[in-house]
Amino acid sequence: RHGIRAHHGIVADVSADVFRDVTPQVRVSAGPRASFASADYFEAYYGVDADQSTATGLAEYKPKGGLKSVGAGGAVTWKVTDAMTASAFGEYARLAGPAAESSLVKARGNKNQFTLGLTLTYRFDFSL
């Protein structure tokens, strides 16, 4: 992914999931995750310049690009109808590399990151 407003960096996510159909309508999936980012991304979200350091008391930090996080994720997906699916998902990521070394994370953050969510998808069928 390429940032367009908040930053001009690049982020690449890698994942590999195993899927298991529990019933014809319910599927469970899970697998490892890794995320990498460029220096521009890390500078926008984890960097601390001289002015920010003075204002916050955090140590200055100018990150390079590299590994952002590693973790695991999983989901349960329910096929409500032929056109609609609902999912619940969760993911754990441990910040690594430049993100974990940031003075912002060390002083005020946490290397352990959790994401939980729900989705509802509707597929419109049409033909031309």
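Here are some worked exercises on this predicted model, each with a step-by-step solution.

## Exercise 1: The core

Find which residues make up the largest nonpolar core, and which helix gives the most to this core.

*Solution.*

Step 1. Start with the members: the largest nonpolar core has nine residues, namely Val11, Ala37, Tyr41, Phe42, Tyr46, Leu95, Ala99, Ala100 and Val105.

Step 2. Next, look at the helices. At least two residues of this core come from each of helix 1 (39–46) and helix 3 (97–101). Helix 1 gives the most, with three residues.

Step 3. Now zoom in on one member. Setting aside residues up to four places away in sequence, Ala37 touches Ile10, Val11, Phe42, Gly65, Gly66 and Lys68. Val11 and Phe42 are also listed among the core residues.

## Exercise 2: Two serines

Work out whether Ser53 is buried or exposed, do likewise for Ser69, and list what each serine contacts.

*Solution.*

Step 1. Place Ser53: this residue belongs to helix 2 (residues 50–56).

Step 2. Compare its accessibility with the cut-off. Ser53 has a relative accessible area of 16%, and buried means under 20%. Ser53 is therefore buried.

Step 3. Follow the side chain of Ser53, which reaches the backbone oxygen of Leu58 at 2.5 Å. Leu58 also appears in the contact list of Ser53, together with Val48, Ala59 and Glu60, when neighbours within four places in sequence are left aside.

Step 4. Turn to Ser69, which sits in strand 4 (residues 66–79). Its relative accessible area is 8%, so Ser69 is buried.

Step 5. List the contacts of Ser69, again without neighbours within four places in sequence. They are Arg33, Ala34, Ser35, Ala93, Arg94, Leu95 and Ala96. Leu95 is also a member of the largest nonpolar core.

## Exercise 3: Salt bridges

Say how many salt bridges the structure holds, then take three pairs and state whether each partner is exposed or partly exposed.

*Solution.*

Step 1. The count is eight salt bridges.

Step 2. Recall the classes: exposed is over 50% relative accessible area, and partly exposed lies between that and the buried limit of 20%.

Step 3. Go through the pairs, using N to O distances.

- Asp21 and Arg27 meet through their side chains at 2.8 Å. Asp21, at 48%, is partly exposed, and Arg27 is partly exposed at 38%.
- Asp82 and Lys79 meet at 3.5 Å. Asp82 is exposed, at 59%, whereas Lys79 is partly exposed, at 38%.
- Asp125 pairs with Arg123, with their closest N and O atoms 3.1 Å apart. Asp125 counts as exposed at 61%, while Arg123 is partly exposed at 44%.

Step 4. Finish with a linked group: Asp17, Arg33 and Glu91 are joined in a network of salt bridges. Arg33 is also among the contacts of Ser69.

## Exercise 4: A nonpolar surface patch

Identify which residues form a nonpolar patch on the surface, and give their accessible area together.

*Solution.*

Step 1. The patch consists of Tyr122, Phe124, Phe126 and Leu128.

Step 2. Together these residues have about 640 Å² of accessible area.

Step 3. Locate one of them: Leu128 lies in the segment after strand 6 (112–122).

## Exercise 5: Gly117 and Lys106

Decide whether Gly117 is buried or exposed, do likewise for Lys106, and describe the surroundings of each.

*Solution.*

Step 1. Gly117 is part of strand 6. Its relative accessibility is 17%, so Gly117 counts as buried.

Step 2. Not counting residues up to four places away in sequence, Gly117 touches Ser87, Ala88 and Phe89. Gly117 and Glu91 are 26 residues apart in sequence, with their C-alpha atoms 9.1 Å apart in space. Glu91 also belongs to the salt-bridge network with Asp17 and Arg33.

Step 3. Lys106 lies in helix 4 (residues 103–108). At a relative accessible area of 54%, Lys106 is exposed.

Step 4. Lys106 touches Ala100 and Glu101, residues up to four places away in sequence not being counted. With the side chain of Glu101, the side chain of Lys106 makes a polar contact at 3.1 Å.

Step 5. Check a long-range pair: Lys106 and Ala59 are separated by 47 residues in sequence and by 10.0 Å in space, C-alpha to C-alpha. Ala59 is also one of the contacts of Ser53.

How values were computed:
Residues numbered from 1 in each chain as written. Predicted model: local features only at pLDDT ≥ 70, side-chain atom pairs only at ≥ 80, totals over all residues. Heavy atoms only, no water. Helix = DSSP H or I, 4+ residues; strand = E, 2+ residues; numbered from the N terminus. Buried < 20%, exposed > 50% of the residue type's maximum accessible area, 1.4 Å probe, protein only. Polar contact = N/O pair within 3.5 Å; in protein donor to acceptor, adjacent residues only side chain to side chain. Contact = heavy atoms within 4.5 Å. Patch = residues over 30% accessible without salt bridge, like charges linked within 9 Å, V, L, I, M, F, W, Y side chains within 5 Å. Areas by Shrake-Rupley, 256 points an atom, 1.4 Å probe, with all protein chains shown as cover. Salt bridge = Lys/Arg side-chain N within 4 Å of Asp/Glu carboxyl O. Core = buried A, V, L, I, M, F, W, Y, C linked by side-chain atoms within 4.5 Å.
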